[in-house]
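Colleague: Could you take me through one part of this model in some detail? I would like to hear about the helix packing, and then about one residue elsewhere in the chain.

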Amino acid sequence: MTTPTWRTVAHVVAHPPPDDWRDALATRLGRRPRRVGLWTELAMYGALRCLDAAGEAALPTGARLRVTSRRGAWEATRAGLAQLDAGLPMPFTFMQGQPALMLAEVGRSLDWQGDASFMLCRDLARPLALSQLGAGCDGLLFGVVEETFGDVPPRSEWWRLVPADQVAIER
């Protein structure tokens, strides 16, 4: 079995995102995201921009969704632990730090259900290579999402990849 060669249909980088990125996300969704954290909003913003850049009205059902990060939802996790230490019951902030919630919200914003996963990884090339293994003809939507950390601004960088031998995607 040979590994397919991949073609990049779209690549978008928001590092840092523009000042009005949250307004742009709300406009694209037709509503303001509710009860999700910054990290999830960054993921939604980048994924939708990438799909738009690819000229796709929707992510194909058979496509994979993969997201990676070096730290995940760092601020929500830290805030949730502080609230727990303060004696509060399982705080809602805890939910904002869960990668599964981020994946569900990104899928919902794309009106897509399918094979999605998150990988916490320092070497960002490894998750991309792993994500491509076994991906089908509908390809892959791959994102790197980071919150602000120290002096490093937030990042939402996404690629829409399809097998190189696939005919042009219907747009």
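What follows is a walk from the whole chain to a group of helices and then to a single histidine.

Modeller: Happy to! Please keep in mind that this is a predicted model. To set the scene, the protein chain has six helices and five strands, and along the sequence they follow the pattern β-α-α-β-α-α-α-β-α-β-β. Of its 171 residues, 46% count as buried. Among contacts with a separation of 6 or more, 72% are between residues 24 or more positions apart.

Let's begin with α1, which spans residues 21-29. Its residues W21, L25, A26 and L29 are buried. These four lie on the same side of α1, because the arc they cover around the axis is only 140°. As for their partners, the buried residues of α1 pack against α2 and α5. Just after α1 comes G30, with a positive phi of about 80°.

Those two partner helices also meet each other. Helix α2 covers residues 38-54 and helix α5 covers residues 99-109; their axes come within 9 Å and cross at roughly 35°. The crossing is right-handed. On the α2 side, the residues involved are W39, T40, A43, M44, A47 and L48, and they meet P99, M102, E105, V106 and S109 of α5. By character, the residues of this contact divide into eight nonpolar, two polar and one charged. So that you can check that split on your screen: Glu counts as charged, and Ala, Val, Leu, Met, Trp and Pro are among the nonpolar types.

Now for the single residue, H11, which belongs to strand β1, residues 6-14. Is H11 buried or exposed? The answer lies in between: H11 is partly exposed, because its relative accessible area is 39%, while buried means under 20% and exposed means over 50%. Leaving aside residues up to four places away in sequence, H11 touches E157, W158 and W159. Two of these contacts involve polar pairs between side chains: H11 and E157 are joined by a polar contact of 2.6 Å, and H11 and W159 by one of 3.3 Å. There is also L161 to look at, which is 150 residues from H11 in sequence, yet their C-alpha atoms are 8.9 Å apart in space.

If you have the model open, try picking out W21, L25, A26 and L29 on α1, then turn to H11 with E157 and W159 beside it in the polar contacts.

Terms used. Residues are numbered from 1 along each chain as its sequence is written. This is a predicted model: local features need pLDDT of at least 70, side-chain atom pairs count only at pLDDT 80 or more; totals for chains, interfaces and linings use all residues. Side-chain values use heavy atoms; hydrogens and water are left out. Axes are lines fitted to C-alpha atoms, for helices over the stretch in contact, and angles run from 0 to 180 degrees between N-to-C directions. Helices (H or I, at least four residues) and strands (E, at least two) are DSSP runs, numbered from the N terminus. A crossing is left-handed if the near helix is turned anticlockwise from the far one by less than a right angle, and right-handed if clockwise. Contact means heavy atoms within 4.5 Å. Buried means under 20% relative accessible area, exposed over 50%, partly exposed in between (1.4 Å probe, protein chains only). The arc is that of the directions from the helix axis to the C-beta atoms. A polar contact is a pair of N or O atoms within 3.5 Å; within protein, one must be able to donate a hydrogen and the other to accept it, and residues adjacent in sequence count only if both atoms are side-chain atoms.
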